[in-house]
Amino acid sequence: MESAKDNRSQSPGSVDRPQLSGGVWFLACAILALPLVAVSVLGASPRLALLQYRSMLVLAANHLVTLGWGTMVAIGSLHQMLPAAAGVPRGGDRLMPFQFGLYLVGVTALAAGFGWHLLPLLLFGGGAVFTAILLAIGRATAVLMHRTRWLPSLSYIVVALACLGGVSAWGLILVLNWRFLFWRDLIGPVGLMVHLPLGLIGWFATLVAGVSYYLLPRFTGLKDPSKVHPRAVLVSLSAGLAVTLGGVIVLPAGVRIGLLLVAIGGFLYTADVVRFLHAWPKKARDITRAHWKVIAAETGILSAGLLGWTVGVLPGDPQRWAVAGVSLFLLGWVTLAITGQAYKVTPFLIWYYRYQLGMAPLEVPRLEAPYWPPAGGPSLALLACGGALVALGVLAWSPAVSMLGGLAFFAGAVVFSYLLGYSWLPRLWGR
């Protein structure tokens with residue numbers, strides 16, 4: 001962060017604008033393009049209720065949500081946050097325009113390749129995304145090699161980045177196998193059952209949990225770190241992922257054991273989030289706190305679902321439970337984790353750079369206002385209901401309910417994208 005003296009030396013026009021890293025391109029694109037991602041979710045939602053989860057339209061929507069939304073936000077956020085967490089100066093922005101352009105073109109080509117069933121586009125898009133992700137991992141590795149401290153969150157980030165590299169490499173292998181068919185078993189469940197745990201558990205769940213252990217103490221002011229258990233959660237998630245992947249490849253019984261470990265980690269994490277919520281200042285309404293209440297509930301539901309599957313008590317088709325769980329995880333849990341933090345990070349940048357409050361950076365996110373923008377509540381309600389209704393439609397065999405969820409998700413995405421994206425554009429273009 002620049003000092004107040006440094007900012008006063010800038011021109012009046014530049015003081016009005018936050019000094020952001022190159023990762024802002026990823027963040028801005030993800031927020032501005034979220035309504036387009038939501039359109040794909042709306043189109044795919046009825047097919048999910050029919051269990052057509054391997055149709056091209058669903059695959060296109062899935063990769064837009066995971067790569068064009070979740071991973072794009074994560075890459076931009078890590079570019080800004082990781083140096084601060086590791087205690088090193090921020091740098092390495094020169095390659096960011098190239099990395100962003102390559103990633104954006106790759107995601108667009110990949111989605112178009114799925115939508116139009118064009119293998120050349122899939123190969124090009126998969127290769128471009130994989131290359132851009134390697135650049136992001138390389139930069140993160142360079143930051144970690146020069147770290148001056150090691151926080152528990154950094155262990156999460158290391159595991160998550162390793163899984164990001166693994167899931168992107170595996171996805172490229174799957175696309176190449178579609179074209180050249182050098183590994184017949186990958187056409188069946190094996191290919192998907194490796195890809196999904198690496199992406200959902202190894203990348204998204206581990207990263208969101210790790211970042212929350214870094215950010216939530218700053219939002220809540222929890223004084224006693226011994227009340228939460230980040231290491232136990234990381235061990236449960238990592239061990240569960242490793243055993244699950246081993247079960248897919250070697251011994252099928254290992255899948256249940258691995259997912260049981262993941263469920264245990266989920267329950268531990270739910271308890272920690274509840275502790276953070278209890279320590280959260282309650283002097284004023286806080287939109288981020290409201291998000292974390294929903295996230296805590298969804299974490300418990302998803303963990304209970306995993307536990308129920310491992311012990312065999314879930315009624316009906318296990319595939320329906322799996323598709324419903326993935327839908328709630330991506331459209332609810334991951335999306336709300338991203339949108340909830342955005343309300344803190346955006347005012348933080350404006351307050352620190354523009355208004356020069358003269359406060360320590362740790363104290364700025366705890367300010368009471370304006371943490372409940374008028375459109376924040378409807379956006380939260382629509383996004384939360386959207387993911388839940390899509391999942392419910394899958395379980396109820398109801399394309400109509402799933403489509404209603406897709407509509408709610410789209411409406412919430414439009415409100416959120418306008419609130420934190422498009423409404424800022426006139427301010428950025430002018431003074």
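The paragraphs below walk through this predicted model, from the overall fold down to single residues.

Let us start with the whole chain. The protein chain contains 15 helices and zero strands, so every helix pairing below is read against that DSSP-based numbering from the N terminus. Of its 431 residues, 52% count as buried. If you look at contacts with a separation of 6 or more, 78% of them join residues that are 24 or more positions apart. Several of the places we visit next illustrate such links between distant parts of the sequence.

A good place to step in is helix α3, which spans residues 24-49. Two of its packing partners deserve a look, and we can take α5 to begin with. The axes of α3 and α5 are 9 Å apart, and the angle between them is about 30 degrees. Angles under 35 degrees count as roughly parallel, and α3 and α5 are therefore roughly parallel to each other. On the α3 side, the contact is made by Trp25, Phe26 and Cys29, while α5 brings Met96, Gln99, Phe100, Tyr103 and Leu104. Sorted by class, the residues of this contact of α3 with α5 are seven nonpolar, one polar and no charged. Gln99 is the polar one, because glutamine is not on the list of nonpolar or charged residue types.

Now turn to helix α13, residues 376-395, whose axis comes within 7 Å of the axis of α3. Here the crossing is at roughly 30 degrees, and α3 and α13 are therefore roughly parallel to each other as well. From α3, the residues that meet α13 are Ser45, Leu48 and Ala49, and their counterparts in α13 are Val390, Gly393 and Val394. This contact of α3 with α13 holds four nonpolar, two polar and no charged residues. Ser45 and Gly393 are the polar pair, because serine and glycine fall outside the nonpolar and charged classes.

Just past α3 comes leucine 50, in the loop between α3 and α4. Leucine 50 counts as partly exposed, because its relative accessibility is 47%. Which residue lies 347 positions away in sequence yet 6.6 Å from leucine 50 in space, C-alpha to C-alpha? That residue is tryptophan 397. Tryptophan 397 belongs to the loop between α13 and α14, the latter being residues 399-420. With a relative accessible area of 60%, tryptophan 397 is exposed. Its backbone is worth a look too: phi of tryptophan 397 is near 60 degrees, a positive value in a residue other than glycine.

To put that in context, most residues other than glycine have a negative phi. Leucine 181 is another residue with a positive value, its phi being near 50 degrees. You will find leucine 181 in the loop between α7 (152-180) and α8 (189-220). At a relative accessible area of 38%, leucine 181 is partly exposed.

Moving on into α8, we reach serine 212. Is serine 212 buried or exposed? Its relative accessibility is 3%, so serine 212 counts as buried. The side chain of serine 212 makes a polar contact, at 2.7 Å, with the side chain of tyrosine 269. Beyond its neighbours within four places in sequence, serine 212 is in contact with Pro217, Tyr269 and Trp292.

Two further spots connect separate stretches of the chain. Glycine 87 is in the loop between α4 (56-86) and α5 (96-116), and at 31% relative accessibility it counts as partly exposed. Glycine 87 and arginine 147 are 60 residues apart in sequence, while their C-alpha atoms are 5.9 Å apart. Apart from neighbours within four places in sequence, glycine 87 is in contact with Thr148 and Arg149. Leucine 134, in helix α6 (residues 119-145), is partly exposed at 42% relative accessibility. The C-alpha atom of leucine 134 is separated by 9.6 Å from that of glutamine 99, 35 residues away along the chain. Glutamine 99 is also among the α5 residues in the contact with α3.

Finally, a word on the cysteines. A disulfide is a covalent bond between the sulfur atoms of two cysteines. With a cut-off of 2.5 Å between sulfur atoms, the count comes to zero disulfides. Cysteine 163 counts as buried, at 7% relative accessibility, whereas cysteine 385 is partly exposed, at 42%.

Note on methods: Residues are numbered from 1 along each chain as its sequence is written. This is a predicted model: local features need pLDDT of at least 70, side-chain atom pairs count only at pLDDT 80 or more; totals for chains, interfaces and linings use all residues. Side-chain values use heavy atoms; hydrogens and water are left out. Buried means under 20% relative accessible area, exposed over 50%, partly exposed in between (1.4 Å probe, protein chains only). Axes are lines fitted to C-alpha atoms, for helices over the stretch in contact, and angles run from 0 to 180 degrees between N-to-C directions. Helices (H or I, at least four residues) and strands (E, at least two) are DSSP runs, numbered from the N terminus. Angles under 35 degrees count as roughly parallel, over 145 as roughly antiparallel, 65 to 115 as roughly perpendicular and the rest as oblique. Contact means heavy atoms within 4.5 Å. A polar contact is a pair of N or O atoms within 3.5 Å; within protein, one must be able to donate a hydrogen and the other to accept it, and residues adjacent in sequence count only if both atoms are side-chain atoms.
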